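Trainee: Could we go through how the labels in this model are earned, one value at a time?
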Amino acid sequence: MKKLTIVDIAKMAGVGTTTVSRYFNGGNLKKETRERIKEIVDKYNYTPNTFAKALKSTDSKIIGVIVPCLHSYVSGNTLKYLDKELKNNNYETLIMNANFDENKQLEYIKKLARMNVDGIILLPTTMSKTYESTIKSIDVPVVMLGQEGEYTYSVEYNDFNAARDLTNYILASGHRNIAYLGVGEDDIAVGYYRKLGVIRTLEKYNLEPENVLITNFGMEEGYEIVKENVNKLKGDSCLICATDNLAYGAIKALEESGLSVGENYSVAAFGDYTSSALLKSPLTTIKFDLKDAAKQTVEMLLNIIKKEETAMKLLIGYELKTRDSVVDLNKMENTND
């Protein structure tokens with residue numbers, strides 16, 4: 001049997017489609033009319049289309065979430081926590097995957113606004129003035145997660161301080177020749193602030209990285225660029241990577257060249273993916289609190305929707321996970337003595 005529609009229900013109940021719509025929207029109906037419609041709905045196990053209903057409703061109970069991709073550890077887990085938080089607050093999640101395309105993200109912001117969602121959560125990988133102007137042009141509240149917005153509500157990771165603490169730990173472990181593998185600065189959080197935190201911390205000790213390599217987010221890209229520059233990197237004792245994903249590729253390239261991470265070479269990163277603790281030399285990395293980030297983002301957005309007072313910016317905490325991938329050179333020197 002074809003899927004039942006509101007028109008079908010109206011014909012069966014002998015009423016108009018507006019009457020059936022009022023039934024689903026909780027409007028006033030005669031008792032016998034309500035019971036007649038309910039009997040048909042129950043008999044055919046009919047469920048109204050939530051999104052179609054939202055188009056005609058002033059309160060859709062739907063939040064749009066725009067993500068850069070679906071396959072990354074951070075995006076996947078953030079989505080999981082966001083969806084759980086939204087459901088706990090009786091909201092449905094409508095996910096839009098931009099596949100790292102800035103134009104698609106901008107298009108989805110406008111599209112979701114036309115679909116009458118109650119709010120939008122945006123996880124951009126880049127940040128430009130175009131985002132700000134697009135967000136200003138719609139009547140739907142938007143909260144950004146993971147990037148800094150100048151005039152927009154945002155929940156941000158403390159990338160600069162996290163990079164500072166990671167670098168200080170590596171310096172305390174006796175390393176002075178430190179290289180960096182990152183991504184482009186159009187990604188303000190990962191590409192700019194993480195690199196800046198590393199470089200500024202080194203500057204305090206009159207140090208600077210001789211080798212700064214820039215690539216894309218992929219593990220394969222990390223592998224390729226480290227493989228191409230491995231002879232230069234052999235002059236360093238530690239490589240800091242902007243993400244765990246880049247670190248995985250880097251470790252493979254380093255070990256193929258004869259270096260052994262955790263024994264005579266060190267690697268550290270940001271992310272604390274599940275697999276990072278399972279490497280041959282478990283990875284020293286920064287763990288950002290994705291669960292708390294999702295909770296704070298949803299709370300901020302719902303406060304805006306309810307027109308309650310809320311902060312424009314929030315910083316999310318982090319934890320330094322010290323593991324075997326960073327060699328303590330101080331202990332090695334003591335052993336040699």
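Mentor: Gladly; here is a short tour of a helix pair and then the sheets.
Mentor: This is a predicted model, where local features need pLDDT of at least 70, side-chain atom pairs count only at pLDDT 80 or more, and totals for chains, interfaces and linings use all residues. Residues are numbered from 1 along each chain as its sequence is written, and side-chain values use heavy atoms, with hydrogens and water left out.

Trainee: Why are helix 2 and helix 3 called roughly perpendicular?
Mentor: The axes of helix 2 (residues 17-24) and helix 3 (residues 31-44) cross at roughly 80° and come within 11 Å. Axes are lines fitted to C-alpha atoms, for helices over the stretch in contact, and angles run from 0 to 180 degrees between N-to-C directions. Angles of 65 to 115 degrees count as roughly perpendicular, under 35 as roughly parallel, over 145 as roughly antiparallel and the rest as oblique. Helix 2 and helix 3 are therefore roughly perpendicular.

Trainee: Which residues of helix 2 and helix 3 meet?
Mentor: From helix 2 there are Thr19, Val20, Tyr23 and Phe24, and from helix 3 Thr33, Arg34, Ile37, Lys38 and Val41. Contact means heavy atoms within 4.5 Å. By class, this contact has 5 nonpolar, 2 polar and 2 charged residues.

Trainee: What makes strand 4 and strand 5 a pair?
Mentor: Two strands pair if DSSP finds at least two bridges between them. Strand 4 (residues 142-145) and strand 5 (residues 153-157) have 3 bridges, in the parallel sense, so they satisfy that definition. Met144, for instance, stands opposite Ser154 in strand 5. Strands and helices themselves are DSSP runs numbered from the N terminus: E of at least two residues for strands, H or I of at least four for helices.

Trainee: What makes strand 2 and strand 11 edge strands?
Mentor: In the open, parallel sheet ordered 2-1-3-4-5-11, strand 2 (92-97) and strand 11 (313-316) each pair on one side only. Neighbouring strands there are turned by 20° against each other on average, direction ignored.

Trainee: How is the pairing described in the sheet ordered 7-6-8-9-10-12?
Mentor: That open sheet of 6 strands has mixed pairing, and its edge strands are strand 7 (212-215) and strand 12 (318-321). Its twist averages 15° from one strand to the next. Strand 9 (residues 266-270) and strand 10 (residues 284-288) pair in the parallel sense over 3 bridges, and Ala268 has Thr284 as its bridge partner in strand 10.

Notes:
Nonpolar A, V, L, I, M, F, W, Y, C, P; charged D, E, K, R; others polar.
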